[in-house]
Amino acid sequence: MNRLPTAILSLLALATTTAAVPDPICSGLCTGTIRDPAVLRRDDGTWLRFTTEGNLRIATAPSLSGPWVSKSGEAGAMLPGGSVIDLDPDQRLWAPNVFFSNGQFYCHYSVSTIGSQNSAIGVATSITGEPGNWTDHGSIGLPADPRYNRIDANFFRECATCTPYLNFGSSWEHLFQTSLTSNLLKWSGEAPVHIARNTSYPSVPQTYPSIMEGAFMWWLPNVNGHKYFYLFFSSGACCNTPQSQEGLEAPGDEYKIMVCRAGSVTGPFTDKDGRNCLTENGGSLVLGSHGDVYAPGGQGLAHDPDVDRVALYYMYVNKADGTYNDFRFGYNWLDFSSGWPEVVE
């Protein structure tokens, strides 16, 4: 407990990026409420981008930088008409997590309403990844629990025969980890394990601690002789606008991209300063607000084989346009040579 005040102060001090950071990269369809992106490259070289709005909208591009294009309306949706999961008349689909395995694309997605714990994680599959080619398999069957919210799923597997893990969670007690069946369509029955939590409060008083959500796991087999598993997550408030009742968050309390790491896929995860990310409010800043880029988050990572580099992609708001509700898509390159991810030109 003696370390908690230092942890909180350190987190707030780092929350807004102060060093020069390159602008987000993107061309084509990069604006228009693009939230919670998931990006990957198909074997034919086409890049696919999946986002929250429009029943999981799909865009394509010849390269990671674009130009991104998408069909309008339901023609560009992964699941036209919504999910077979029926929780609430006002439910929405969000936070697609897409990957390729077993000869097809999988998407684990969230079904919920804003601020609700009445949620579910669903799964759909496709051979091509294109709109009109997806089969919805419904809920993975993860049971409800008062500790967590069943949203923001993130699949991770170290190898084709390794355990298929699923990280998930937001608000309540934040990030958890469980596993899937071998066909990746259902919960394995393994009890979810707590892997990261924040109990510190933002500088503006509120009735709940700063949120950790949107887990995304990445691993590198040899970083200066060590194998590391990196747990990226979004921290803070994602979606306040100047016109909202709350107004904009105080500087440092808005969305930002953080990371912890471990020598094992199951943790324990710590930050750069050695703070435990489950018990000591650990987390090191990767990317925060800078210039006209406000509240980056909803992140993921992708390897671009054309340049052999790792990209950090995310959603953000451009403060210059003054709307704060037009989330944009962009990415920057990461360098892991120090053992920790750093945004670089």
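These exercises walk through strands, cores and two annotated residues of a predicted model.

Residues are numbered from 1 along each chain as its sequence is written, and side-chain values use heavy atoms, with hydrogens and water left out. Because the model is predicted, local features need pLDDT of at least 70 and side-chain atom pairs count only at pLDDT 80 or more, while totals for chains, interfaces and linings use all residues.

**Exercise 1. Trace the open sheet.**

Task: Find the order of the strands in the open sheet and name its edge strands.

Solution:
- Start with the terms. Strands (E, at least two residues) and helices (H or I, at least four residues) are DSSP runs, numbered from the N terminus. Two strands pair if DSSP finds at least two bridges between them.
- Read the order. The sheet has 4 strands, β16-β17-β18-β19, with antiparallel pairing.
- Find the edges. β16 (293–304) and β19 (342–344) each pair on one side only.
- Check one pair. β17 (residues 309–318) and β18 (residues 328–335) are antiparallel over 7 bridges.
- Pick one bridge. Tyrosine 316 has arginine 328 in β18 as its bridge partner.

**Exercise 2. Place β10 between its partners.**

Task: Work out which strands pair with β10 and whether its residues are buried or exposed.

Solution:
- Take β9 (residues 165–168). This strand pairs with β10 in the antiparallel sense over 4 bridges. Asparagine 167 is matched with glutamine 177 in β10.
- Look at the hairpin. There are 6 residues between β9 and β10, and glycine 169 takes a positive phi near 125°.
- Take β11 (residues 193–196). This strand runs antiparallel to β10, joined by 3 bridges. Phenylalanine 176 has histidine 194 in β11 as its bridge partner.
- Test for burial. Buried means under 20% relative accessible area, exposed over 50%, and partly exposed in between (1.4 Å probe, protein chains only). In β10 (residues 175–179), 5 of 5 residues are buried.
- Sort the directions. Leu175, Gln177 and Ser179 point one way, Phe176 and Thr178 the other way.

**Exercise 3. Explore the cores.**

Task: Which residues touch the most other members of the largest nonpolar core?

Solution:
- Set the rule. A nonpolar core is a set of buried Ala, Val, Leu, Ile, Met, Phe, Trp, Tyr and Cys residues joined through side-chain atoms within 4.5 Å.
- Name the residues. Met78, Trp134 and Phe232 touch the most other members of this 53-residue core. β17 gives the largest share, 6 residues.
- Look at a second core. This separate group of 18 residues includes Tyr165, Cys260, Val265 and Leu285.
- Zoom in on methionine 78. Contact means heavy atoms within 4.5 Å. Beyond four places in sequence, its contacts include Phe50, Leu56, Val98 and Trp134.
- Add the background. In soluble globular proteins, nonpolar side chains tend to be buried together.

**Exercise 4. Locate the annotated residues.**

Task: Where do Asp36 and Glu213, annotated as "active site", lie?

Solution:
- Check the record. The annotation comes from an unreviewed UniProt entry. Positions follow the numbering used here, feature names are shortened, and annotations may be inferred rather than shown by experiment.
- Place each residue. Aspartate 36 is in the loop between α1 (4–14) and β1 (38–41). Glutamate 213 is in β12 (residues 212–223).
- Judge burial. Aspartate 36 counts as buried because its relative accessible area is 18%. Glutamate 213 is buried too, at 11%.
- Find a polar contact (N or O atoms within 3.5 Å; within protein, one must be able to donate a hydrogen and the other to accept it, and residues adjacent in sequence count only if both atoms are side-chain atoms). The side chains of aspartate 36 and threonine 52 make one of 2.6 Å.
- List neighbours. Not counting residues up to four places away, glutamate 213 touches residues including Asp152, Gly169, Leu175 and Tyr255.
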